[in-house]
Amino acid sequence: MQPIIKNAGKDISQWFEPRTFNMDEEIGVEVLLWRHPTMKLSTYYTPQGRFAHIPPPFPRTDFNMDYNPWWLDKNFVIGFLSKRTQFIRVKNILLDHVYVMEVPCEETINEILYRYTEHNKHAASYEWKAILEYDTMKFCTMDMTKTLTENGVKDESQEFGCAGMQLDYLLPAIHLHYTDDLTVA
């Protein structure tokens, strides 16, 4: 249990084979393997030591393998690692309130809305619009079931950051326009 205790609260996705990541289950399904140099056997790669449900590196008759490993149990999955995150600026036009959020690239606008309700309980009563072109101030109403990228919102922080520009002013902006559709808080 020492590797698990030592890594409590940390990301341990590097312990699992990326190619066995099951998108339907959304959990890692196989611990990394390596070929033991002396025995020429494939065994689990555990450089920090064996942890729960990892068999010994050598064949033994006294080790019981009649169980489901803990890493296949969804109850132990506490989050998912995002491929990339980006900062966005959410501006409530009615109240002139601006809030900066860090969002994963996989998150839909509905999921962003859900997290934003912490700051505005009636966020669903607003029409969410993104500025696609700053020079012409071209807005588009966002499809709430799509991600920022799918809605045409570009993450240009890498390009601007490499140019040495201050990123605070260059965040993609989402404007919330009040629609007079009161939601129950």
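This report describes a predicted model of one protein chain, moving from its overall build to its cores, its charged pairs and a few individual residues.

## Overall build

The chain contains three helices and seven strands, and when these elements are read along the sequence they follow the pattern α-β-β-β-β-α-β-β-α-β. Of the 185 residues of the chain, 28% count as buried. The surface that the chain exposes comes to about 12800 Å², and carbon and sulfur atoms supply 55% of that area.

Contacts can also be sorted by how far apart the two partners stand in the sequence. Among contacts between residues at least 6 apart in sequence, 46% join residues that are at least 24 apart.

## The nonpolar cores

The largest nonpolar core has 17 residues, and the members that touch the most other members are Ile88, Ile112, Trp128, Met142 and Leu148. At least two residues of this core come from each of β3, β4 (97–104), α2, β5 and β7 (173–178), and α2 gives the most, with four residues.

Ile88 offers a way to follow the contacts of one core member in detail. When its neighbours within four places in sequence are left aside, Ile88 is in contact with Tyr99, Val100, Met101, Val103, Ile112, Leu148, Leu171, Pro172 and Ile174. Apart from the largest core lies another core, of seven residues, among them Phe16, Val31, Phe51 and Trp70.

## Two salt bridges

Side chains of opposite charge can pair when their charged atoms come close. A search of the whole structure finds two salt bridges. One of them joins the side chains of Arg115 and Glu107, with a distance of 3.0 Å from N to O. Glu107 is found in the loop between β4 and α2, and this residue counts as buried because its relative accessible area is 12%, which is under the 20% cut-off. Its partner Arg115 is partly exposed, with a relative accessible area of 33%. Not counting residues up to four places away in sequence, Glu107 touches Ile112, Arg115, Thr147 and Leu148; of these, Ile112 and Leu148 are also named among the members of the largest core that touch the most other members.

The side chains of Lys91 and Asp96 meet in the other salt bridge, at 3.5 Å from N to O. Here Lys91 is partly exposed, with a relative accessible area of 26%, whereas Asp96 is exposed, with a relative accessible area of 55%.

## Positive phi angles

Most residues other than glycine have a negative phi. Asp96, which has already appeared as a salt-bridge partner of Lys91, has a phi near 55 degrees, a positive value in a residue other than glycine. Asp96 is found in the loop between β3 and β4.

His53 also has a positive phi although it is a residue other than glycine, with a value near 75 degrees. His53 lies in the loop between β2 and β3, and at 30% relative accessibility it counts as partly exposed.

## A buried asparagine in a loop

Asn120 is found in the loop between α2 (109–116) and β5 (126–133). Although a loop residue, Asn120 counts as buried, because its relative accessibility is 10% and the cut-off for a buried residue is under 20%. A polar atom of the Asn120 side chain lies 2.9 Å from the backbone nitrogen of His122. Leaving aside its neighbours within four places in sequence, Asn120 is in contact with Asn92 and Tyr126.

## A nonpolar patch on the surface

Nonpolar side chains are found on the surface as well, where Met39, Leu41 and Phe58 form a nonpolar patch with about 240 Å² of accessible area together. Phe58 lies in the loop between β2 (42–44) and β3 (85–92), and this is also the loop that holds His53. With a relative accessible area of 38%, Phe58 is partly exposed, so it passes the requirement of over 30% relative accessible area that applies to members of a patch.

Key. Residues numbered from 1 in each chain as written. Predicted model: local features only at pLDDT ≥ 70, side-chain atom pairs only at ≥ 80, totals over all residues. Heavy atoms only, no water. Patch = residues over 30% accessible without salt bridge, like charges linked within 9 Å, V, L, I, M, F, W, Y side chains within 5 Å. Areas by Shrake-Rupley, 256 points an atom, 1.4 Å probe, with all protein chains shown as cover. Salt bridge = Lys/Arg side-chain N within 4 Å of Asp/Glu carboxyl O. Buried < 20%, exposed > 50% of the residue type's maximum accessible area, 1.4 Å probe, protein only. Polar contact = N/O pair within 3.5 Å; in protein donor to acceptor, adjacent residues only side chain to side chain. Contact = heavy atoms within 4.5 Å. Core = buried A, V, L, I, M, F, W, Y, C linked by side-chain atoms within 4.5 Å.
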